[in-house]
Amino acid sequence: MKVKLLAHTPEPEKVISMAAKLCYSPVGVDEIAENLTEESINKFLNMLVSMGHESPIEHVTFTFGIEGISRSCSHQIVRHRIASFSQQSQRYVKLDQFEYIIPPEIERNEEAKKIFIESMNKCQEDYDKLVEILFAKHYQELLDKGLSEKKAKSQAEKMSIEDARYVFPNACETKMVFTINARSLYNFFHHRCCERAQWEIRELATEMLRLVREVAPILFNNVGPNCLNGACPEGKMTCGKIQEVREKFKTL
């Protein structure tokens with residue numbers, strides 16, 4: 001897995017503080033940035049969080065580049081609706097040798113790992129066969145319609161891989177660019193840093209949190225799973241490791 005913070009709103013904590021200042025003082029936009037020291041920014045951000053007034057936090061965004069995750073993980077990411085996603089297409093990118101993610105529990109068991117890898121190899125073999133069969137069919141049909149060899153070849157390949165991709169498993173590796181505002185990022189971390197989140201998206205969320213803390217430490221200092229600053233909301237399904245989890249994210 002590789003996670004990179006590609007871009008973010010410049011001076012994110014200052015931008016949020018300007019928005020908050022406008023809400024709670026009589027200043028206009030010309031004076032909104034005046035006297036915003038590190039101390040006052042810290043004060044504004046802590047006040048917003050304590051009051052639950054999170055709308056000013058929406059004014060800053062963070063863009064992540066992500067690779068080395070499974071399609072299973074990406075399907076969980078896109079459930080966070082207030083965000084923007086760009087994902088590598090299997091319709092347009094021919095996977096002559098697809099990469100895949102092996103779950104740790106399978107990796108640690110030799111028998112399970114052997115079965116898993118055999119399954120992945122079979123998926124690749126079937127994909128290649130389907131591409132070959134479909135390509136031959138589409139290529140001839142396009143030539144019969146009068147397309148040049150070059151255009152027929154290009155279109156036939158796209159038509160073949162967009163159907164052949166259906167044999168690929170959830171383990172198939174994918175790449176994404178993911179943009180999200182800070183308020184939605186809070187929600188993402190609350191749910192996905194939790195020990196009950198699946199291991200892969202939990203690992204991703206933890207690394208994303210580490211990266212944003214570097215550029216906005218005040219904004220994300222006390223952010224993590226829901227139990228970081230309160231009781232565990234999972235009830236009987238709690239992981240039972242609240243102190244361990246709190247220590248982990250307070251020293252991340």
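Select E11 first, in the loop between strand 1 (2–8) and helix 1. The model on display is a predicted one. E11 has a relative accessibility of 53%, so this residue counts as exposed. Its backbone merits inspection: phi is positive, at about 45°, although E11 is not a glycine.

**Helix 1 and helix 2**

Next, select residues 12–24, which form helix 1, together with residues 38–51, which form helix 2. The packing of such a pair may be described in two terms: the angle between the axes and the distance between them. Here the axes come within 9 Å and cross at roughly 70°. Because angles from 65 to 115 degrees count as roughly perpendicular, helix 1 is roughly perpendicular to helix 2. The crossing of these two helices is left-handed.

Now display the side chains where the two helices meet. On helix 1, select E13, K14, I16, S17, A20, K21 and Y24; on helix 2, their counterparts are I41, F44, L45, M47, L48 and M51. The residues of this contact comprise nine nonpolar, one polar and three charged.

**Helix 7 and helix 8**

Move along the chain to helix 7 (residues 182–192) and helix 8 (residues 199–215). The axes of helix 7 and helix 8 come within 9 Å, with a crossing angle of roughly 135°. That angle makes helix 7 oblique to helix 8. Helix 7 passes helix 8 in a left-handed crossing.

To view the contact, select L185, F188, F189 and R192 in helix 7, then I201, R202, A205, M208, L209 and V212 in helix 8. Eight of the contact residues are nonpolar, none is polar and two are charged.

**M208**

Keep M208 of helix 8 selected. Is M208 buried or exposed? Its relative accessibility is 0%, so M208 counts as buried. Beyond its neighbours within four places in sequence, M208 is in contact with V3, F64, F178, L185, F188 and F189. Add F64 to the view and consider the backbone: the C-alpha atoms of M208 and F64 are separated by 7.9 Å, although the two residues are 144 residues apart along the chain.

**The aromatic cluster**

Which residues form one aromatic cluster with F64? Select F62, F64, F85, F178, Y186, F188, F189 and F220, which together make up that cluster. Across the model, the count of aromatic pairs comes to twelve. One of them joins Y186 and F220, whose ring centres are 5.8 Å apart and whose planes stand at 70°, an edge-to-face arrangement. This pair links distant parts of the chain, since Y186 belongs to helix 7 and F220 to helix 9 (residues 217–220), 34 residues apart. Both Y186 and F220 are buried.

**T238**

For the last stop, select T238 in the loop between helix 9 and helix 10 (242–250). The relative accessible area of T238 is 37%, so T238 is partly exposed. Then add C123 and draw a line between the two C-alpha atoms. How far apart in space are T238 and C123? The separation is 37 Å, C-alpha to C-alpha, for two residues that lie 115 residues apart in sequence.

Note on methods: Residues are numbered from 1 along each chain as its sequence is written. This is a predicted model: local features need pLDDT of at least 70, side-chain atom pairs count only at pLDDT 80 or more; totals for chains, interfaces and linings use all residues. Side-chain values use heavy atoms; hydrogens and water are left out. Axes are lines fitted to C-alpha atoms, for helices over the stretch in contact, and angles run from 0 to 180 degrees between N-to-C directions. Helices (H or I, at least four residues) and strands (E, at least two) are DSSP runs, numbered from the N terminus. Angles under 35 degrees count as roughly parallel, over 145 as roughly antiparallel, 65 to 115 as roughly perpendicular and the rest as oblique. A crossing is left-handed if the near helix is turned anticlockwise from the far one by less than a right angle, and right-handed if clockwise. Contact means heavy atoms within 4.5 Å. Ala, Val, Leu, Ile, Met, Phe, Trp, Tyr, Cys and Pro count as nonpolar, Asp, Glu, Lys and Arg as charged, and the others, Gly among them, as polar. Rings of Phe, Tyr and Trp (its six-membered ring) pair if their centres lie within 6.5 Å; planes under 30 degrees apart count as stacked, over 60 as edge-to-face and the rest as tilted. Buried means under 20% relative accessible area, exposed over 50%, partly exposed in between (1.4 Å probe, protein chains only).
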